[in-house]
Amino acid sequence: MNAHAFTFCGARLSALPSGALWWADQGLICVSDLHLCKSERHARRGGAQLPPYETRDTLQRLSDAVEATNARQVICLGDSFDDLAAARALPETERLFLTRLQAGRRWIWIEGNHDPGPLDLGGEHLSELTIGPLTYRHIAQPDAKGEISGHYHPKAQVRTRLRTISRPAFLVDCDRVILPAFGTFTGGLRSTSPELARLMHPDALAILTGPSAHPIRMPR
Amino acid sequence: MKLPDQITAWFDRRGWQVHPHQQAMVDRADAPATLLIAPTGGGKTMAGFLPTLADLADGGHDGLHTLYISPLKALAADIKRNLRTPVDEIGLPIRIEDRTGDTSATQKKRQRADPPHILLTTPESLALLTSYEDAARTFAGLKRVVVDEIHALADSKRGDQLMLALARLQTLAPGLHRVGLSATVEDPAAIARLLARHPDPCDILMADPGPDPDIAMLETAERPPWAGGGAAYAIPAVLEQVKQHKTTLIFHNTRAQAEIFFHNLWLANEESLPIGIHHGSLDRVQRERVEQAMVRGDLRAIVCTGSLDLGLDWGDVDLVIQIGAPKNVKRLVQRIGRANHRYNAPSKALLVPANRFEVVECVAALEAVKAHDLDGDPRGPGPLDVLCQQILIAACSGPFDADALYREVKTAGAYADLTRAAFDDCLDFCATGGYALRAYDQWQRLKQQPDGLWQLRDPRSAQRIRMNIGTIQDSDTLKVRLQRNRGGKPLGEIEEYFAASLSPGDTFLIGGRIVRYEGLREMVVEVSRNASRKPKIAVFSGTKFATSTQLSNRILDMFAHNDWSGLPAHTRDWLALQRDVSRLPDRDRLLIESFPHDGREHICIYGFAGRNAQQTLGLLLTKRLEETGHAPMGFVSTDYATLIWGLDAVIDPAPLFDIDALRDGLDRWLAGNAVMKRTFRGAATIAGLIDRNVMGPRKTGRQMTMSSDILYDTLLKYDPDHLMMRITRTEALRGLVDFGRIEAMLARIRGIDLIRLDRVTPLAAPLFLEQGRVPVSGSADERLLAEETAALMDAAGLADS
């Protein structure tokens with residue numbers, strides 16, 4: 001795995017190239033912003049009628065990440081569904097796929113701004129979760145310590161000698177980690193945006209995802 | 001049939017004689033199908049209409065008698081004017097009307113209930129007419145169909161749609177006689193097959209072709225530049241020619257080039273000669289104004305594009321100038337035919353190459369014209385996306401029987417070999433959207449009734465289908481207007497992606513004037529007048545034809561000659577320099593140059609396979625280079641070469657060109673690329689999977705591209721054998737991808753020569769200035785990222801050591 005390993009508040013973590021965060025000592029994998037059924041919600045709201053396969057695609061990549069690490073615990077860090085109606089509209093095939101994936105694992109749904117409240121699916125539903133030194137929640141809180149969050153879909157841009165390359169990225173400093181969006185069809189917010197720049201310490205890293213994880217100083 | 005006396009009397013009064021081919025058309029009035037090939041100015045249209053005029057002379061016919069179909073709206077209006085004169089002068093009781101996209105809704109409605117004797121229309125308007133429930137009544141008495149400029153339709157889906165519509169008309173009016181009018185073409189029999197009801201025969205009448213054209217290359221004091229398509233260097237020489245002639249048509253291959261040239265021409269036009277511009281992106285009112293000025297003989301020159309390719313009958317054009325390489329000889333000959341509408345005098349034309357390479361191409365084209373060597377590739381079987389649209393159109397007009405529709409479709413020449421299975425696939429697609437798309441109601445359009453007939457699931461969908469009839473795939477454009485407080489005058493259209501690149505204050509060229517971009521309001525680009533700044537250039541799509549095989553071969557032959565006396569000195573010097581530092585491409589061997597430039601490694605492949613095939617070669621080769629670890633970063637193609645750049649030099653090119661590997665991997669390799677997506681978008685729009693026009697606010701091109709790209713990716717992954725994917729593949733292979741020409745190129749060569757150089761060569765240099773670079777991202781990105789991030793982390797003192 002071309003992952004980037006780092007120590008965060010005493011926990012040894014790995015930023016996986018897929019955009020998932022792996023905590024080997026806990027057998028815990030965390031993904032954020034799956035936005036399942038985005039196309040369904042889009043169509044329901046009168047937008048373009050996109051075929052629903054992005055849900056399957058996201059689940060397949062999630063399954064690959066879970067299988068590759070053989071994770072015992074899975075945290076979905078909020079906005080797992082595009083909204084609650086989308087979660088209810090999850091097609092049977094995808095529902096079964098998810099159920100199979102959950103079998104034999106602790107599975108935690110953290111609430112997001114898109115999908116508040118309990119879901120009619122297996123797993124625990126929490127607003128946030130603290131394990132050892134780390135707290136998992138959807139939206140970063142300004143003064144938090146040891147916090148793992150999502151929500152912003154950060155991406156970072158690197159100017160190389162021949163071309164500029166932009167990728168979804170983890171943002172990491174000594175107090176917090178912000179995960180990139182894991183879902184297919186999710187846009188991104190540049191690491192240079194004021195919200196992200198305000199949230200992260202000046203010495204923060206951005207870890208670009210893709211075929212390999214590439215850490216750099218967070219572009220500002 | 002004999003011409004009625006009042007018609008022959010009119011000819012006599014005018015002091016005219018009925019041309020032999022006009023008489024021949026009257027003699028054959030009862031033939032089921034006749035194709036007339038005649039040069040422009042030969043009284044072709046009159047020949048097409050004479051049997052109709054003769055038949056209608058006694059006033060005994062009620063309702064629609066003759067349909068006239070032209071590829072251009074403007075042509076329909078023009079013909080109406082020209083036909084009106086003899087009809088009125090002879091005193092024939094004939095009602096003539098036209099029906100195009102510009103006709104008012106009230107007028108159109110009345111035409112269906114009470115059709116005129118002669119209706120002049122376009123393929124799209126005809127398709128729409130056949131979609132109404134009352135089509136059977138409208139066309140019941142129809143006797144004749146005249147398809148004008150059929151050569152311009154024969155190469156396109158518009159022609160396929162038209163022939164399907166004719167099949168429909170023949171069902172509604174079984175006694176229908178078909179007439180096709182065409183300019184000079186390389187294969188009249190092929191067009192005749194297209195025109196006739198299959199398997200009926202079709203007579204071909206050849207009118208006297210007239211004298212050979214007087215055609216040459218324009219001599220200029222200044223040399224053509226290395227690259228580009230503007231030909232600004234030739235402005236003084238062109239202006240001089242304009243002064244020496246009465247009316248000059250100055251043809252360009254793209255609208256953008258026409259705009260720039262027009263602008264420059266005016267800057268140099270110190271005598272203020274009246275010069276106009278005409279192209280398809282200009283507002284209709286503007287175009288009409290130019291056309292009328294031309295008819296009156298008020299203009300000395302018109303800068304134009306393909307929008308004037310066809311035979312609008314106006315003015316005394318005594319010179320045609322073609323700017324830029326003509327790309328194919330047939331079109332050049334047809335454009336030259338625009339000069340001099342007098343039947344027996346030669347047309348006069350001048351070629352102006354826009355850059356150094358085009359000099360060679362123009363000389364080759366001149367030789368081909370002199371040798372009467374027209375080029376053309378046979379068109380394959382009728383495309384299925386057009387058939388899907390036809391099925392939906394049929395459903396709009398009422399319930400239909402699948403067997404009967406299948407039989408009807410097979411009477412169109414291009415669909416004569418259509419299998420029942422292929423037809424059923426199209427029917428299923430129209431009914432359900434195809435397997436992967438069944439989940440959506442929107443794509444389930446047809447249902448079968450208990451009596452076996454097919455009908456629309458929801459009758460209201462007819463309106464939506466009708467709004468999307470047609471096969472023209474122009475890219476998305478936005479209207480341009482002067483700001484409302486300054487009159488709101490419409491100026492024309494620009495491409496949406498160009499509009500998206502503008503910020504308030506930017507200036508660009510349209511209709512020959514510089515305007516300032518103010519903003520976008522309700523899908524209209526608002527501009528103000530501004531003459532003070534150097535303009536950005538409006539990027540209109542030009543038709544990008546690939547140079548024909550025949551012209552490419554002539555160019556390679558010319559390279560092989562020792563005698564370059566037909567070429568201007570500057571071009572001879574350029575080719576000689578290329579021969580000295582590298583070598584010239586030839587027919588038997590494939591030349592590849594390899595050199596570093598600007599921090600990247602380049603290879604330049606001189607395949608001479610035409611733009612589309614060279615583009616495909618670029619896609620295939622970058623894919624192979626990626627697999628072999630060369631980290632390619634992008635490519636650009638012209639008609640004669642493909643330039644690829646990346647991180648590593650290519651040492652051994654032979655394995656890259658293994659034909660079996662290229663062919664085997666083609667599907668897989670091409671699957672994800674933009675060319676396929678573009679082709680898919682076109683086919684999916686024609687087949688009714690994506691609506692181009694929807695009720696309510698218009699969908700923007702970007703929205704449409706996004707949903708069509710996602711549809712494509714989805715089908716590729718989950719239903720790669722979906723009808724739309726099969727259509728896309730077939731079409732891409734023969735059109736934009738042109739794989740046949742890559743195969744022909746590989747069959748032609750007997751070996752590959754790789755030449756390693758330390759710098760850019762004379763022949764490769766123009767490619768660096770070419771538009772349309774295609775970026776490739778893969779291992780090069782990873783390597784560049786790794787390199788850059790290591791350096792960044794190192795600089796930050798954070799490198800893991």
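**Figure 1. Buried residues of helix 22 in chain B of the predicted model.** Within helix 22 of chain B, five residues are buried: His570(B), Thr571(B), Trp574(B), Leu575(B) and Gln578(B). These residues lie on the same side of helix 22 of chain B, because they cover an arc of only 135° around the axis. The surroundings of this buried side are helix 15 (356-370), helix 21 (549-560) and strand 21 (589-597) of chain B, against which the buried residues pack. The length of the helix can also be checked: 13 residues, numbered 569-581, should span 18 Å at 1.5 Å a residue, and the end C-alpha atoms are indeed 18 Å apart, which agrees.

**Figure 2. The interface between chain A and chain B.** The size of an interface is often given as the accessible area lost when the parts come together. For chain A and chain B, the area buried between them is about 2600 Å², and 63% of it falls on carbon and sulfur atoms. Chain A contributes 25 residues to the contact, and chain B contributes 31 residues. Between chain A and chain B there are four salt bridges. One pairs the side chain of Glu787(B) with that of Arg161(A), at 2.8 Å from N to O. Nine residue pairs are in polar contact across the interface, counting pairs with both residues at pLDDT 80 or more. On the side of chain A that touches chain B, at least two residues each come from helix 2 (53-69), strand 11 (154-159), strand 12 (164-172), strand 15 (205-208) and strand 16 (214-217) of chain A. Strand 16 of chain A gives the most to this side, with four residues.

**Figure 3. A cis peptide bond and two residues of positive phi in loops of chain B.** The peptide bond that joins His198(B) and Pro199(B) is cis, with omega about 0°. Pro199(B) is found in the loop between helix 10 (188-195) and strand 7 (203-206) of chain B. Ser272(B) is not a glycine, yet its phi is positive, at about 50°. The loop that holds Ser272(B) runs between helix 12 (255-268) and strand 10 (275-278) of chain B. Ala631(B), although not a glycine, also has a positive phi of about 50°. Its loop lies between helix 23 (611-627) and strand 23 (632-637) of chain B. Ala631(B) is buried, since its relative accessible area is 0%.

**Figure 4. The surroundings of Ile235(B) in helix 11 of chain B.** Ile235(B) belongs to helix 11 of chain B, which comprises residues 235-244. With a relative accessible area of 5%, Ile235(B) is buried. Neighbours within four places in sequence aside, Ile235(B) is in contact with Phe261(B), Asn264(B), Leu265(B) and Ala268(B). Glu222(B) stands 13 residues from Ile235(B) in sequence, and their C-alpha atoms are 9.9 Å apart in space.

**Figure 5. A salt bridge between Lys243(B) and Glu271(B).** The closest N and O atoms of Lys243(B) and Glu271(B) are 3.2 Å apart. The pair links distant parts of the chain, 28 residues apart: Lys243(B) is in helix 11 of chain B, and Glu271(B) is in the loop between helix 12 and strand 10 of chain B. Lys243(B) is partly exposed, with a relative accessible area of 34%. Glu271(B) counts as exposed, at 51% relative accessibility.

**Figure 6. A buried salt-bridge pair in chain B, Arg112(B) and Asp134(B).** The salt bridge between Arg112(B) and Asp134(B) has its closest N and O atoms 3.4 Å apart. Arg112(B) lies in helix 5 (residues 105-113) of chain B, and Asp134(B) in the loop between helix 6 (123-130) and helix 7 (135-138) of chain B, so the pair ties together parts that are 22 residues apart in sequence. Both Arg112(B) and Asp134(B) are buried.

**Figure 7. Salt bridges within chain A.** Arg12(A) and Asp25(A) meet through their side chains in a salt bridge of 3.4 Å, N to O. Because Arg12(A) lies in strand 2 (residues 11-15) of chain A and Asp25(A) in the loop between strand 3 (21-23) and strand 4 (28-31) of chain A, the pair ties together parts that are 13 residues apart in sequence. Arg12(A) is exposed, with a relative accessible area of 55%, whereas Asp25(A) is partly exposed, at 48%. Elsewhere, a network of salt bridges links Glu128(A), Arg137(A), Glu147(A) and Arg176(A). Over all chains, the structure holds 45 salt bridges.

Key: Residues are numbered from 1 along each chain as its sequence is written. Chains are lettered from A and ligands numbered from 1 in the order in which they are written. This is a predicted model: local features need pLDDT of at least 70, side-chain atom pairs count only at pLDDT 80 or more; totals for chains, interfaces and linings use all residues. Side-chain values use heavy atoms; hydrogens and water are left out. The expected span of a helix is 1.5 Å times one less than its number of residues. Buried means under 20% relative accessible area, exposed over 50%, partly exposed in between (1.4 Å probe, protein chains only). The arc is that of the directions from the helix axis to the C-beta atoms. Contact means heavy atoms within 4.5 Å. Buried area is the accessible area (1.4 Å probe) that two parts lose on being put together, summed over both. A polar contact is a pair of N or O atoms within 3.5 Å; within protein, one must be able to donate a hydrogen and the other to accept it, and residues adjacent in sequence count only if both atoms are side-chain atoms.
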